[in-house]
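Trainee: I am new to this structure and would like a close look at a single part of it. Please take one chain and go through it step by step, including where it meets its partner.

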Amino acid sequence: MHIPDGFIDGSTSAGAAAVAAGGIGVSLRRAAEVLDERRVPLAGLVAAFVFALQMLNFPVAGGTSGHLLGGVLAAVLVGPSVGAVCIAVVVAIQALLFADGGLSALGLNVVNMALITAFGGYALFALLRRVLPSRSSSVVAAAGIAAGISVVLSSIAFTAEYAIGGAGTASVTTVAGAMVSVHVLIGIGEGVITGLVVSAVLASRPDLVWGARSLALDRLRIPSPGDTERVAS
Amino acid sequence: MSPNGRRIGLAAFVVGGLVVASGLAFFVSPRASREPDGLENVANEEGFADTGTDHALDDAPTAGYEVRGVDDDGLSTGLAGLIGVALTFAATGLLFLVVRRSSRRRDRSTGPTDAPPTAARISATRH
(Lines give C-alpha, C1' and ligand atoms only; values in the text may rest on other atoms or scores of the structure.)
Protein backbone atom coordinates (compact mmCIF):
# COMPACT_ATOMS: atom_id res chain seq x y z
CA MET A 1 0.00 0.00 0.00
CA HIS A 2 3.06 2.26 0.17
CA ILE A 3 2.92 4.52 -2.87
CA PRO A 4 6.35 5.05 -4.46
CA ASP A 5 7.46 8.30 -6.10
CA GLY A 6 6.03 8.84 -9.57
CA PHE A 7 2.70 6.97 -9.40
CA ILE A 8 0.80 10.18 -8.60
CA ASP A 9 1.71 13.58 -10.07
CA GLY A 10 3.38 16.39 -8.15
CA SER A 11 0.40 18.68 -7.61
CA THR A 12 -1.84 15.87 -6.32
CA SER A 13 0.98 14.70 -4.05
CA ALA A 14 1.46 18.26 -2.77
CA GLY A 15 -2.26 18.58 -2.13
CA ALA A 16 -2.23 15.33 -0.17
CA ALA A 17 0.81 16.57 1.77
CA ALA A 18 -1.16 19.66 2.80
CA VAL A 19 -4.12 17.50 3.89
CA ALA A 20 -1.77 15.19 5.77
CA ALA A 21 -0.02 18.08 7.53
CA GLY A 22 -3.34 19.62 8.51
CA GLY A 23 -4.77 16.32 9.71
CA ILE A 24 -1.70 15.40 11.74
CA GLY A 25 -1.52 18.95 13.14
CA VAL A 26 -5.10 18.72 14.42
CA SER A 27 -4.39 15.20 15.72
CA LEU A 28 -1.34 16.41 17.64
CA ARG A 29 -3.32 19.22 19.31
CA ARG A 30 -6.02 16.77 20.32
CA ALA A 31 -3.43 14.21 21.41
CA ALA A 32 -1.85 16.79 23.72
CA GLU A 33 -5.22 17.14 25.46
CA VAL A 34 -6.18 13.48 25.77
CA LEU A 35 -2.86 11.71 26.24
CA ASP A 36 -1.86 11.36 29.89
CA GLU A 37 1.91 11.77 30.17
CA ARG A 38 2.19 8.39 31.92
CA ARG A 39 0.71 6.83 28.80
CA VAL A 40 3.18 8.34 26.34
CA PRO A 41 5.25 5.10 26.41
CA LEU A 42 2.05 3.23 25.54
CA ALA A 43 1.65 5.35 22.40
CA GLY A 44 5.29 4.63 21.55
CA LEU A 45 4.63 0.93 22.00
CA VAL A 46 1.58 1.07 19.70
CA ALA A 47 3.65 2.73 16.95
CA ALA A 48 6.56 0.29 17.41
CA PHE A 49 4.19 -2.68 17.40
CA VAL A 50 2.50 -1.50 14.20
CA PHE A 51 5.94 -1.02 12.62
CA ALA A 52 6.81 -4.64 13.42
CA LEU A 53 3.45 -5.94 12.19
CA GLN A 54 3.77 -3.97 8.95
CA MET A 55 6.93 -5.96 8.17
CA LEU A 56 4.99 -9.21 8.27
CA ASN A 57 3.63 -9.55 4.74
CA PHE A 58 1.20 -12.43 4.53
CA PRO A 59 0.34 -14.14 1.24
CA VAL A 60 -3.07 -13.56 -0.33
CA ALA A 61 -4.43 -15.00 -3.56
CA GLY A 62 -2.55 -14.86 -6.86
CA GLY A 63 1.08 -14.21 -5.94
CA THR A 64 0.20 -11.12 -3.93
CA SER A 65 0.96 -10.25 -0.34
CA GLY A 66 -0.49 -7.82 2.13
CA HIS A 67 0.43 -6.45 5.50
CA LEU A 68 -1.34 -4.78 8.37
CA LEU A 69 -1.95 -1.04 8.07
CA GLY A 70 -2.76 -0.76 11.76
CA GLY A 71 -4.76 2.46 11.79
CA VAL A 72 -7.83 0.94 13.40
CA LEU A 73 -5.69 -1.12 15.78
CA ALA A 74 -3.90 2.01 16.96
CA ALA A 75 -7.13 4.05 17.15
CA VAL A 76 -8.93 1.40 19.22
CA LEU A 77 -5.96 1.10 21.60
CA VAL A 78 -5.02 4.78 22.11
CA GLY A 79 -7.80 6.78 20.42
CA PRO A 80 -8.04 8.03 16.82
CA SER A 81 -5.97 11.22 17.23
CA VAL A 82 -3.04 9.60 19.03
CA GLY A 83 -3.43 6.56 16.78
CA ALA A 84 -3.25 8.61 13.57
CA VAL A 85 -0.02 10.25 14.76
CA CYS A 86 1.44 6.82 15.65
CA ILE A 87 0.82 5.51 12.13
CA ALA A 88 2.12 8.74 10.57
CA VAL A 89 5.38 8.28 12.51
CA VAL A 90 5.61 4.69 11.24
CA VAL A 91 5.01 5.80 7.64
CA ALA A 92 7.58 8.62 7.95
CA ILE A 93 10.24 6.30 9.40
CA GLN A 94 9.58 3.75 6.65
CA ALA A 95 10.08 6.41 3.97
CA LEU A 96 13.10 8.11 5.58
CA LEU A 97 15.05 5.11 6.85
CA PHE A 98 13.94 2.14 4.81
CA ALA A 99 13.17 3.80 1.44
CA ASP A 100 9.65 2.29 1.64
CA GLY A 101 7.07 4.72 0.25
CA GLY A 102 8.23 7.66 -1.86
CA LEU A 103 9.35 10.92 -0.27
CA SER A 104 7.10 12.90 -2.61
CA ALA A 105 4.30 10.45 -1.79
CA LEU A 106 4.67 10.81 1.98
CA GLY A 107 1.53 12.96 2.22
CA LEU A 108 -0.45 10.50 0.11
CA ASN A 109 0.71 7.61 2.28
CA VAL A 110 -0.09 9.43 5.53
CA VAL A 111 -3.57 10.28 4.23
CA ASN A 112 -4.27 6.71 3.05
CA MET A 113 -2.64 4.72 5.82
CA ALA A 114 -2.87 6.97 8.90
CA LEU A 115 -5.76 9.43 8.57
CA ILE A 116 -8.33 7.40 6.63
CA THR A 117 -7.77 4.24 8.65
CA ALA A 118 -7.54 5.86 12.10
CA PHE A 119 -10.43 8.32 11.70
CA GLY A 120 -12.62 6.61 9.08
CA GLY A 121 -11.98 3.19 10.57
CA TYR A 122 -12.59 4.42 14.10
CA ALA A 123 -15.90 5.99 13.05
CA LEU A 124 -16.95 2.58 11.74
CA PHE A 125 -15.76 0.98 14.98
CA ALA A 126 -17.83 3.45 17.03
CA LEU A 127 -20.87 2.79 14.85
CA LEU A 128 -20.49 -0.98 15.28
CA ARG A 129 -20.07 -0.58 19.05
CA ARG A 130 -23.41 1.23 19.13
CA VAL A 131 -25.30 -1.61 17.45
CA LEU A 132 -23.47 -4.49 19.16
CA PRO A 133 -24.09 -5.47 22.81
CA SER A 134 -21.87 -3.73 25.35
CA ARG A 135 -19.30 -6.38 26.19
CA SER A 136 -15.64 -6.98 25.45
CA SER A 137 -16.26 -9.52 22.66
CA SER A 138 -18.11 -6.75 20.82
CA VAL A 139 -15.05 -4.51 21.09
CA VAL A 140 -12.95 -7.24 19.45
CA ALA A 141 -15.53 -7.88 16.71
CA ALA A 142 -16.08 -4.18 16.00
CA ALA A 143 -12.31 -3.57 15.85
CA GLY A 144 -11.78 -6.50 13.48
CA ILE A 145 -14.61 -5.59 11.12
CA ALA A 146 -13.73 -1.88 11.08
CA ALA A 147 -10.06 -2.73 10.48
CA GLY A 148 -10.94 -4.93 7.52
CA ILE A 149 -13.13 -2.26 5.96
CA SER A 150 -10.50 0.43 6.63
CA VAL A 151 -8.10 -1.36 4.25
CA VAL A 152 -10.71 -1.18 1.50
CA LEU A 153 -11.29 2.52 2.30
CA SER A 154 -7.55 3.05 1.98
CA SER A 155 -7.49 1.32 -1.42
CA ILE A 156 -10.41 3.51 -2.55
CA ALA A 157 -8.45 6.58 -1.42
CA PHE A 158 -5.53 5.47 -3.62
CA THR A 159 -7.93 5.03 -6.52
CA ALA A 160 -9.26 8.57 -6.00
CA GLU A 161 -5.69 9.90 -6.01
CA TYR A 162 -4.97 7.90 -9.16
CA ALA A 163 -8.09 9.37 -10.75
CA ILE A 164 -6.93 12.91 -9.94
CA GLY A 165 -3.24 12.63 -10.72
CA GLY A 166 -2.26 9.11 -11.68
CA ALA A 167 0.65 8.83 -14.11
CA GLY A 168 -0.63 5.52 -15.49
CA THR A 169 -2.86 5.11 -18.53
CA ALA A 170 -5.10 2.32 -17.19
CA SER A 171 -8.70 3.43 -16.72
CA VAL A 172 -9.84 4.46 -13.27
CA THR A 173 -12.59 1.84 -13.19
CA THR A 174 -10.21 -1.07 -13.86
CA VAL A 175 -7.75 0.25 -11.27
CA ALA A 176 -10.64 0.66 -8.80
CA GLY A 177 -11.83 -2.89 -9.38
CA ALA A 178 -8.34 -4.36 -9.06
CA MET A 179 -7.47 -2.31 -5.95
CA VAL A 180 -10.70 -3.04 -4.09
CA SER A 181 -10.79 -6.76 -4.90
CA VAL A 182 -7.25 -7.46 -3.69
CA HIS A 183 -7.66 -5.23 -0.63
CA VAL A 184 -10.85 -7.00 0.43
CA LEU A 185 -8.63 -10.08 0.83
CA ILE A 186 -5.87 -8.14 2.61
CA GLY A 187 -8.59 -6.60 4.79
CA ILE A 188 -9.53 -10.04 6.09
CA GLY A 189 -5.96 -10.44 7.35
CA GLU A 190 -6.07 -6.93 8.83
CA GLY A 191 -9.31 -7.77 10.63
CA VAL A 192 -8.00 -11.04 12.07
CA ILE A 193 -4.70 -9.52 13.29
CA THR A 194 -6.48 -6.47 14.76
CA GLY A 195 -9.00 -8.68 16.56
CA LEU A 196 -6.23 -10.88 17.99
CA VAL A 197 -4.15 -7.98 19.30
CA VAL A 198 -7.17 -6.14 20.75
CA SER A 199 -8.37 -9.28 22.52
CA ALA A 200 -4.86 -9.91 23.90
CA VAL A 201 -4.72 -6.37 25.35
CA LEU A 202 -8.28 -6.68 26.70
CA ALA A 203 -7.26 -9.90 28.45
CA SER A 204 -4.23 -8.37 30.17
CA ARG A 205 -5.02 -4.67 30.65
CA PRO A 206 -8.60 -3.83 29.53
CA ASP A 207 -8.24 -0.36 31.07
CA LEU A 208 -5.60 0.48 28.42
CA VAL A 209 -8.02 -0.02 25.51
CA TRP A 210 -9.39 3.40 24.51
CA GLY A 211 -12.24 1.84 22.52
CA ALA A 212 -13.40 -0.20 25.55
CA ARG A 213 -13.60 2.64 28.06
CA SER A 214 -17.40 2.62 28.05
CA LEU A 215 -17.42 -1.02 29.26
CA ALA A 216 -16.03 -0.03 32.66
CA LEU A 217 -18.61 2.79 32.90
CA ASP A 218 -21.47 0.49 31.94
CA ARG A 219 -20.59 -1.89 34.74
CA LEU A 220 -20.92 0.89 37.31
CA ARG A 221 -24.09 2.39 35.90
CA ILE A 222 -27.54 1.40 37.18
CA PRO A 223 -29.45 0.36 34.07
CA SER A 224 -32.48 2.44 33.17
CA PRO A 225 -35.64 0.72 31.83
CA GLY A 226 -34.69 1.78 28.33
CA ASP A 227 -31.34 0.01 28.67
CA THR A 228 -32.83 -3.27 29.85
CA GLU A 229 -35.22 -3.14 26.92
CA ARG A 230 -32.29 -2.64 24.56
CA VAL A 231 -30.36 -5.50 26.15
CA ALA A 232 -33.41 -7.79 26.01
CA SER A 233 -34.10 -7.15 22.36
CA MET B 1 5.21 1.86 38.27
CA SER B 2 3.54 -0.09 41.07
CA PRO B 3 1.16 -2.85 40.08
CA ASN B 4 -1.71 -1.30 42.12
CA GLY B 5 -3.24 -4.73 42.47
CA ARG B 6 -3.55 -5.10 38.69
CA ARG B 7 -2.17 -8.13 36.99
CA ILE B 8 0.46 -6.24 34.97
CA GLY B 9 1.85 -2.77 35.66
CA LEU B 10 1.97 -0.21 32.86
CA ALA B 11 5.78 -0.31 32.67
CA ALA B 12 5.81 -4.11 32.54
CA PHE B 13 3.10 -4.01 29.87
CA VAL B 14 5.13 -1.61 27.71
CA VAL B 15 8.35 -3.60 28.15
CA GLY B 16 6.53 -6.86 27.41
CA GLY B 17 4.94 -5.34 24.32
CA LEU B 18 8.31 -4.10 23.07
CA VAL B 19 9.80 -7.56 23.55
CA VAL B 20 6.99 -9.09 21.48
CA ALA B 21 7.35 -6.38 18.78
CA SER B 22 11.13 -6.92 18.67
CA GLY B 23 10.65 -10.69 18.43
CA LEU B 24 8.23 -10.28 15.53
CA ALA B 25 10.58 -7.84 13.77
CA PHE B 26 13.72 -9.93 14.29
CA PHE B 27 12.54 -13.55 14.03
CA VAL B 28 9.34 -13.43 11.97
CA SER B 29 9.91 -10.62 9.45
CA PRO B 30 12.72 -12.51 7.61
CA ARG B 31 10.13 -15.24 6.99
CA ALA B 32 7.41 -12.87 5.75
CA SER B 33 6.02 -13.19 2.21
CA ARG B 34 8.24 -11.66 -0.50
CA GLU B 35 5.44 -11.43 -3.04
CA PRO B 36 4.52 -7.94 -4.32
CA ASP B 37 1.88 -6.28 -2.15
CA GLY B 38 -1.62 -5.37 -3.28
CA LEU B 39 -0.72 -2.00 -4.78
CA GLU B 40 2.47 -3.29 -6.47
CA ASN B 41 0.51 -6.15 -7.98
CA VAL B 42 -2.22 -3.85 -9.31
CA ALA B 43 0.46 -1.52 -10.71
CA ASN B 44 2.08 -4.48 -12.51
CA GLU B 45 -1.20 -5.79 -13.90
CA GLU B 46 -2.61 -2.40 -14.90
CA GLY B 47 0.68 -1.35 -16.48
CA PHE B 48 1.60 1.67 -14.36
CA ALA B 49 4.39 0.04 -12.32
CA ASP B 50 6.95 1.70 -14.63
CA THR B 51 5.65 5.17 -13.73
CA GLY B 52 7.32 4.66 -10.33
CA THR B 53 10.70 6.33 -9.94
CA ASP B 54 13.70 5.48 -7.80
CA HIS B 55 13.59 6.39 -4.14
CA ALA B 56 15.99 9.22 -3.29
CA LEU B 57 17.19 7.28 -0.26
CA ASP B 58 17.76 3.93 -1.99
CA ASP B 59 21.40 4.16 -0.86
CA ALA B 60 20.51 4.63 2.82
CA PRO B 61 22.25 2.11 5.10
CA THR B 62 18.90 0.48 5.96
CA ALA B 63 17.09 0.93 2.61
CA GLY B 64 14.79 -1.92 1.68
CA TYR B 65 14.76 -3.22 5.28
CA GLU B 66 18.29 -4.54 4.90
CA VAL B 67 21.27 -3.40 6.93
CA ARG B 68 24.13 -2.68 4.58
CA GLY B 69 27.20 -4.77 5.28
CA VAL B 70 25.28 -7.68 6.81
CA ASP B 71 25.53 -10.50 4.29
CA ASP B 72 23.04 -12.92 5.80
CA ASP B 73 19.64 -11.92 4.36
CA GLY B 74 17.60 -13.07 7.33
CA LEU B 75 19.88 -11.39 9.86
CA SER B 76 19.98 -8.22 7.76
CA THR B 77 16.17 -7.97 7.63
CA GLY B 78 15.83 -8.89 11.29
CA LEU B 79 18.32 -6.21 12.36
CA ALA B 80 16.56 -3.63 10.20
CA GLY B 81 13.34 -4.61 11.96
CA LEU B 82 14.92 -4.15 15.40
CA ILE B 83 16.27 -0.74 14.40
CA GLY B 84 12.83 0.25 13.13
CA VAL B 85 11.04 -0.90 16.29
CA ALA B 86 13.49 0.98 18.53
CA LEU B 87 13.44 4.18 16.49
CA THR B 88 9.66 4.16 16.07
CA PHE B 89 9.19 3.78 19.83
CA ALA B 90 11.70 6.54 20.58
CA ALA B 91 10.44 8.96 17.91
CA THR B 92 6.78 8.55 18.86
CA GLY B 93 7.46 8.88 22.59
CA LEU B 94 9.63 11.94 22.09
CA LEU B 95 7.10 13.58 19.76
CA PHE B 96 4.23 13.17 22.23
CA LEU B 97 6.34 14.34 25.18
CA VAL B 98 7.35 17.49 23.32
CA VAL B 99 3.81 18.17 22.11
CA ARG B 100 2.30 17.63 25.57
CA ARG B 101 4.80 19.81 27.37
CA SER B 102 4.68 22.64 24.86
CA SER B 103 0.87 22.66 24.80
CA ARG B 104 0.70 22.78 28.60
CA ARG B 105 3.08 25.70 28.62
CA ARG B 106 0.99 27.52 26.03
CA ASP B 107 -2.36 26.80 27.69
CA ARG B 108 -1.55 27.77 31.25
CA SER B 109 1.46 30.04 30.77
CA THR B 110 2.53 29.06 34.27
CA GLY B 111 5.58 27.09 33.23
CA PRO B 112 5.88 23.32 33.02
CA THR B 113 3.34 21.56 35.21
CA ASP B 114 4.64 18.05 34.78
CA ALA B 115 6.38 18.21 38.14
CA PRO B 116 4.67 19.14 41.40
CA PRO B 117 4.70 22.94 41.82
CA THR B 118 7.42 24.24 44.09
CA ALA B 119 7.82 27.68 45.65
CA ALA B 120 10.72 28.40 43.30
CA ARG B 121 8.72 27.34 40.26
CA ILE B 122 5.65 29.34 41.26
CA SER B 123 7.71 32.46 41.92
CA ALA B 124 9.39 31.95 38.54
CA THR B 125 6.07 32.01 36.72
CA ARG B 126 6.35 33.87 33.44
CA HIS B 127 3.51 35.67 31.76
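Mentor: Happily, and one term comes first: a residue is buried if 20 or more other C-beta atoms lie within 10 Å of its own, exposed if 12 or fewer, and partly exposed in between, with C-beta atoms placed from the backbone. Keep in mind that this is a predicted model, in which local features need pLDDT of at least 70, side-chain atom pairs count only at pLDDT 80 or more, and totals for chains, interfaces and linings use all residues. Residues are numbered from 1 along each chain as its sequence is written, while chains are lettered from A and ligands numbered from 1 in the order in which they are written.

Let's take chain B. Of its 127 residues, 22% are buried. Chain B has 4 helices and 0 strands, where helices (H or I, at least four residues) and strands (E, at least two) are DSSP runs numbered from the N terminus. Read from the N terminus, the order in chain B is α-α-α-α. Two residues are in contact if their C-beta atoms, placed from the backbone, lie within 7 Å. Among the contacts in chain B with a separation of 6 or more, 36% join residues 24 or more positions apart.

One spot deserves a pause. In the loop between α2 and α3 of chain B you will find Tyr65(B). Most residues other than glycine have a negative phi. Tyr65(B), although not a glycine, has a positive phi of about 55°. Is Tyr65(B) buried or exposed? Tyr65(B) counts as buried because it has 23 C-beta neighbours inside 10 Å.

Now for the meeting with the partner chain. The contact draws 55 residues from chain B and 60 residues from chain A. On the chain B side, α1 (10-28), α2 (38-45) and α3 (73-108) each supply at least two residues. The most comes from α3(B), which gives 16 residues to the side that touches chain A. Sorted by class, that side of chain B holds 29 nonpolar, 18 polar and 8 charged residues. Here Ala, Val, Leu, Ile, Met, Phe, Trp, Tyr, Cys and Pro count as nonpolar, Asp, Glu, Lys and Arg as charged, and the others, Gly among them, as polar.

For a parallel across the contact, look at Ala99(A), in the loop between α4 (80-97) and α5 (106-131) of chain A. Ala99(A) is not a glycine, yet its phi is positive at about 55°. Ala99(A) counts as buried, because 21 C-beta neighbours lie inside 10 Å.
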